[in-house]
Amino acid sequence: MFDKILIANRGEIACRVIKTARRMGIATVAVYSDADRDSLHVRMADEAVHIGAAPARESYLLGDRILAAARATGAQAIHPGYGFLSENAGFARACAEQGVVFIGPPTGAIEAMGSKSAAKRIMEAAGVPLVPGYHGDDQDPALLRAAAEEMGYPVLLKATAGGGGKGMRQVWSGEEFDEALAAAKRESLASFGDDAMLVEKYLTRPRHVELQVFCDNAGNGVYLAERDCSVQRRHQKVIEEAPAPGMSETLRSQMGDTAVKAAQAIDYRGAGTVEFLLDEDGSFYFMEMNTRLQVEHPVTEMITGQDLVEWQLLVAAGEPLPLAQDQVRIRGHAFEARVYAEDPDNDFLPVTGTLGYLQPPQESQHVRVDTGVRQGDEVSVFYDPMIAKLIVWDESRERALQRLATALAAYRIGGTVTNLDFLYNLATSKPFREAELDTGFIDKHADLIFHQRPQDLERELPLAALALLLYKQQQGSASAWVDPWSPWQGGSAWRLNEPHAHHLTLHCHQQDHAVEVEQRGPLYLVRAAGRETQLQGELLGDTLQLEVEGHRQRATLARTQDGFTLYLARGACHFREVLPDIGEADAAGAAAGLKAPMNGTIVALLAEIGSTVEANTPLLVMEAMKMEHTIRAPLAGTVRAFYYQPGDLVDGGAELLDFAAEGAES
Ligand code: MV4
C-alpha cells in the first residue's frame, strides 16, 4: 500500500479522498491554485504544493506541474478525483511513464471509452445491448432514412462526434426526416466539425440507470448495484439515488452482469460506471462508460457500506477486490442532492459571493455532507459553483426521502443564492415521492419545482419583524459606545403616555410590507399582512427562541450582505429593512442628533457647518449593506457639527451630526 498519495483535484472530492487516505494511514499531498491557497482541502492535507494561477487551465489541468509536485513530495500515486484530468489518457500515460501510479483505469481503457461511437462499437462486439439503430460509416441520407423507416418513428438523430446530449434531434415522422437530417448535420458540422450521424429508436420516457463496477488486477469484476440519475437538468445531474426505484433482483443482476462484461471487454481496472437507458418495458441499452469515480458515488457507499475510494487505493496498489459478487449486500436507500451557488429562478446562472453564513445539517449515520468550503469562503468564478453534496440514507426510500427534505430545510447558507429551495421543492413534490422518474422529470414538473414556496407571509412577516427588532436591540445594547441606560438605546420604542409601537417596513418576497410592532412587556403584538399576531421572542446569538400563540419554535437569524435570512423549520425567509427617510423623525429625535441606521461607511457630507436648511434637505450620505442611505434634515434647522468624515466607519446607532431643529433649545 502507498505511503503517500497526491490528490490532483480541489473542493469536496479532494477533501473526501483525503479523509479516506487519512483513515488508511496514508499521507496526503494537496495541490492548489492561487485562488485555493487557504481552502479546506489544502488545510486537510498533510502538505500542499502551489501549482499555478486560479484558472484551471493554468493550474489543475497542468499535468506536468502535478507530476512535478508528486516527484517533489515523494507521492507514489495520484488520485485525479473527477473532472479535470481524471479521464485524460495523456496524463494517465505520463504518470505511468514517470513511475507514478495513476489511481484509475489503464490508459487504453480511458482511450477506448473516450469516443462515444468507438465505445458503442466495442460494446456491440462484446454483446452489450445498444439502442436499436444504425451506427454505420455509410452516411447516405437514403440509407439513414431507410434505417429510420425500418425501426419506426420516433427516431433520434445523434451526432457521432457529439455527446452529453449535444447534437441530438428527435424525428417523429417520415415527412420531416430529410429536413431534420439536413439541419442536424449542419449543427453537428458547426459544433463538432463532423456531420456523421447515427440513427436510434427514440425512447420517449427512459430512465438513466448506471451500474457501479469495480475490476482488480487479478481479473475479478463486480458490480455494486445501481444508481438512478434520471433527474437531470440540461444533462447535469441534480438528485441521484440508490438503488433505482422498482429495480428487481433479476433486472439488477442482468444489468450488473452486462456492466461487468462491458468493463472486461476493455480490460478495465478500478472504479467505473456503465450508464444505461432503461426503457419502460424493462429493456436496457448501453449509453456510455465513465472511467472515473463519479460525483454521485456516495449513494452507492451508503447502501453497500463500502468506501469506494478505499477500494480504488487497494486495487491501484495491486490488491484484490475486498468482496466477491456474492458477498455484496445492499441495504436501505440513499439520495444525493447537489447543493450549488446558482439561481434556479435565473436559468441556474452560477452566483459568486461570500458564504457569509454556512451551517450544514448535523451529520449522523443518516446524513452526510461532502463539502470543500467553510463559512467565510468565496464561491469562486473559476470553478464549478458546488457548495456541497448532501447525502442521506435510511431503511426505505420513503424514509430516506423524508431525511433528505429535513436536511435540505436545515441547510443554512447565507451570502449567496443557492438551489436549496429548488431541491427542497423537487424532493417534496408528489411525482418524485412517487418515483415517477424519467429523464424529462424536471421539464415535466417545472410548475411544482420552480414555484416559490407558498408565500406564507402571514406566518413569516411577524417572525421577521420581531427578529429584526430583537437584532437591533441586541446590536444597540452590544455596542460599547452606547449608554445602555439611555432611554434611546433600549429600542423599546418607549414613549411617555404612548403605546410602544415600532413602525417598520420590511422587504420580503419581492415586496415592501408595512409592519407595526407594539411591545407590551415581554409580549409583542405585530400588525402586518392584514393580520394581528401575538408573539414572544428572545435572540441569543443567532438563535431565535419564538413563541407564537403558544407554539414554541427555534429559528436561526443570519445577517447577509443585503439583509437577513430567517431560517425556519420549513425553509428560509429572506428580508431586509426598508429604511424610512430620517426626515419623518420627530422633533425630539432630531434634537438627539441623527443616528446611523446600521453599521456603514460615511460617503459624503452635503451641508456646510452652520448652514440653515429646510426640512428634508440631504445632509450626509452613508453606505451600508452595499446600499447608499441619505440622511436628511428631519425639520428645518441648523447643522452645527458633523461627527465623522467621509471614509469613516460608523456603528449602527452612532450619532452622525449635531442638528438644531428650528426653535429648538440651543
Ligand atoms: C437517448 C434518449 C432517448 N432515446 N437515446 C442524452 C445524452 C446522452 N447521455 C444520451 N441521451 C439520451 N439518449 C435514445 N435513443 C434520451 C437521452 C436523454 C437523456 C439520457 C440520460 C439522462 C438524461 C437525458 C436527458 C435527455 C435525453
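This is a short dialogue on reading the ligand site, the domains and some backbone features of a predicted model.

Visitor: Before we dig in, what ground rules apply?

Guide: This is a predicted model, where local features need pLDDT of at least 70 and side-chain atom pairs count only at pLDDT 80 or more, while totals for chains, interfaces and linings use all residues. Residues are numbered from 1 along each chain as its sequence is written, and side-chain values use heavy atoms, with hydrogens and water left out.

Visitor: Fine. Which residues around the ligand come nearest?

Guide: A residue counts as near if one of its heavy atoms lies within 4 Å of the molecule. Here 17 residues surround the ligand, and Lys158, Gly165, Glu200, Lys201 and Leu203 come nearest. By class, the shell has 7 nonpolar, 6 polar and 4 charged residues; Ala, Val, Leu, Ile, Met, Phe, Trp, Tyr, Cys and Pro count as nonpolar, Asp, Glu, Lys and Arg as charged, and the others, Gly among them, as polar.

Visitor: What lies 2.8 Å from a nitrogen atom of the ligand?

Guide: For polar contacts with a ligand, look for a pair of N or O atoms within 3.5 Å. A backbone N or O atom of Lys201 sits at that 2.8 Å from a ligand nitrogen. The side chain of Glu200 has an N or O atom 2.9 Å from a nitrogen of the ligand, and for a polar side-chain atom of Lys158 the distance to a ligand nitrogen is 3.1 Å.

Visitor: And how much of the ligand does the protein bury?

Guide: Accessible areas come from the Shrake-Rupley method with a 1.4 Å probe. Alone, the ligand exposes 510 Å², and the protein buries 88% of that.

Visitor: Which domains supply at least three residues each to that shell?

Guide: Domain bounds come from an automatic or database domain assignment. Domain 2 (108-131 + 210-331) and domain 3 (132-201) each do so.

Visitor: How do I read the contact between domain 2 and domain 4?

Guide: Contact means heavy atoms within 4.5 Å. In this model, 23 residues of domain 2 touch 30 residues of domain 4. Buried area is the accessible area (1.4 Å probe) that two parts lose on being put together, summed over both. For this pair that's about 2300 Å², with carbon and sulfur atoms giving 59%. On the domain 2 side, Arg233, Ile239 and Met302 lose the most area, together 26% of what that side buries.

Visitor: Last one: where are the cis peptide bonds?

Guide: Check omega. From Tyr153 to Pro154 the bond is cis, with omega near 0 degrees, and from Ala242 to Pro243 the bond is also cis, with omega near -5 degrees.

Conventions: Polar contact = N/O pair within 3.5 Å; in protein donor to acceptor, adjacent residues only side chain to side chain.
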